[in-house]
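Work through the exercises below with the sequence and the coordinates at hand. Each task is followed by a solution in steps.

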Amino acid sequence: MIDKSSIEKLNALKLDELADIIHRQESVTEFISMPFDQRLQFAIDDLYTAKMDQNYKRLLANAHLKYPGASFHSIEYLPGRNLDKTTLTQLATGNFLGYATDIAIYGISGSGKSFIACCLGTIACSHGKRTLFYRMPDLLEDFACLETAQQRKRFMTKLARYDLLIIDEWLGKSLTELEINFIFEIVEKRTEVHSTIFCSQYAPQDWYARLGASTQCESILNRIFSGLCRLNCGPMNMRDHYSLSKLRI
């Protein structure tokens, strides 16, 4: 039996979770009679699980995912959707993060691009990876609000450090020269270092026309297309599908 003084010391050391685990153990007869090393092992396992869960929740909250509850179990592989289940199954392991693989998720509006990207975002958070979700219009607007070169540099450095950056609505509109320079710096800093997911209504082969014909635009896409994983979400509008499903209930 661990005395009250020891519990208070654990609390003072900000080891409240361990104190709670020990308190719960002492309410179970099997733990009280258990050898010290075995009981300690159970306490360490429980503490590790609690810490990882806290870290996951913190990362998930800071990721600002559009769909924070997104899960691969919720993805429907409908016949008209033509989703590549093999590719999605491989991505669901999270191994792409270790290889800094960039991913293009494309398809018509409502095809589920953002949802699938958020599924990958939750996977990244569960692996302890710092993740951030950004709509491209918001990303460009936040960049435009920065007044000094130093502020812009700090912003780009911050974006470059995320283990996974998800850019939704990629190339939805034409970019100015300043915006192209900004995107180039982000891509340059992240290429072969961290993974980036690009969600777009346009297939990768159409990105050249969307971005422009300058040398810098070509440099951006050359970096992105090197080892790019492509996922076509198909021609099926999932918003319409779910709306019709609700009407039938």
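**Exercise 1: An aromatic pair across the chain**

Tyr-67 is partly exposed, with a relative accessibility of 32%. The model is a predicted one.

Task: Find which ring pairs with Tyr-67, and classify the geometry of the pair.

Solution.
- Step 1. The structure contains 9 aromatic pairs. In one of them, Tyr-67 is paired with Phe-115, at 5.8 Å centre to centre and with 55° between the planes.
- Step 2. Planes under 30 degrees apart would be stacked and those over 60 edge-to-face, so the remaining class is tilted. The pair of Tyr-67 and Phe-115 is tilted.
- Step 3. Tyr-67 belongs to the loop between H4 and helix H5 (85-91), and Phe-115 to helix H7 (residues 113-126), so the contact ties together parts that are 48 residues apart in sequence.
- Step 4. Phe-115 has a relative accessibility of 25% and counts as partly exposed.

**Exercise 2: A second ring pair and a cluster**

Task: Classify the pair formed by Tyr-208 and Phe-225, and state which rings make up the cluster.

Solution.
- Step 1. The centres of Tyr-208 and Phe-225 are 5.7 Å apart, and the angle between the planes is 70°. Edge-to-face applies to planes over 60 degrees apart, and this pair is edge-to-face.
- Step 2. The pair links distant parts of the chain, 17 residues apart: Tyr-208 is in helix H11 (residues 207-211) and Phe-225 in helix H12 (residues 215-225).
- Step 3. Tyr-208 has a relative accessible area of 36% and is partly exposed. Phe-225, with 19%, is buried; the limit for buried is under 20%.
- Step 4. Ring pairs join Tyr-208 and Phe-225 with Trp-170, Phe-198 and Trp-207 in a cluster.

**Exercise 3: Salt bridges**

Task: For the salt bridges Lys-57 to Asp-53, Glu-169 to Arg-135 and Lys-173 to Glu-179, give the N to O distance and the exposure of each partner.

Solution.
- Step 1. The structure has 5 salt bridges. Among them is the bridge between the side chains of Lys-57 and Asp-53, at 3.2 Å from N to O.
- Step 2. Lys-57 and Asp-53 are 4 residues apart in helix H4, so about one helical turn separates them. Lys-57 is exposed at 52% relative accessible area, whereas Asp-53 is partly exposed at 36%.
- Step 3. Glu-169 and Arg-135 meet in a salt bridge of 2.7 Å, N to O. This pair links distant parts of the chain, 34 residues apart: Glu-169 is in the loop between strand E3 (164-168) and helix H10 (177-190), and Arg-135 is in strand E2 (residues 131-135).
- Step 4. Glu-169 is partly exposed at 34% relative accessibility, and Arg-135 is partly exposed at 30%.
- Step 5. Lys-173 and Glu-179 form a salt bridge at 3.4 Å, N to O. Lys-173 is partly exposed, with 41% relative accessibility, but Glu-179 is buried, with 14%.
- Step 6. Through shared partners, salt bridges connect Arg-135, Asp-138 and Glu-169 in one network.

**Exercise 4: Strands and charges over rings**

Task: Determine whether E2 and E3 pair in the parallel or antiparallel sense, and find which ring lies under Arg-130.

Solution.
- Step 1. E2 and E3 pair over 5 bridges, in the parallel sense. One bridge joins Thr-131 to its partner in E3, Leu-164.
- Step 2. Of the 5 residues of E2, 4 are buried, and the strand is mostly covered.
- Step 3. Arg-130 lies over the face of Tyr-162, 4.3 Å from the ring centre. Arg-152 takes up a position over the face of Phe-143, at 5.8 Å from the ring centre.

**Exercise 5: Helix H4**

Task: State which residues form the nonpolar surface patch that includes Phe-36, and decide if Arg-39 is buried or exposed.

Solution.
- Step 1. Phe-36 is in helix H4 (residues 36-63). At 66% relative accessibility, Phe-36 is exposed.
- Step 2. Phe-36, Leu-40 and Ile-44 make a nonpolar surface patch of about 330 Å².
- Step 3. Arg-39 is also in helix H4. Its relative accessibility is 14%, and Arg-39 counts as buried.
- Step 4. From C-alpha to C-alpha, Arg-39 and Gly-112 are 47 Å apart in space, with their positions 73 residues apart in sequence counted as separation.

Methods: Residues numbered from 1 in each chain as written. Predicted model: local features only at pLDDT ≥ 70, side-chain atom pairs only at ≥ 80, totals over all residues. Heavy atoms only, no water. Patch = residues over 30% accessible without salt bridge, like charges linked within 9 Å, V, L, I, M, F, W, Y side chains within 5 Å. Areas by Shrake-Rupley, 256 points an atom, 1.4 Å probe, with all protein chains shown as cover. Salt bridge = Lys/Arg side-chain N within 4 Å of Asp/Glu carboxyl O. Helix = DSSP H or I, 4+ residues; strand = E, 2+ residues; numbered from the N terminus. Buried < 20%, exposed > 50% of the residue type's maximum accessible area, 1.4 Å probe, protein only. Pairing = 2+ DSSP bridges. Phe/Tyr/Trp six-rings, centres within 6.5 Å; stacked < 30°, edge-to-face > 60°. Lys NZ or Arg CZ within 6 Å of the ring centre and 35° of its normal.
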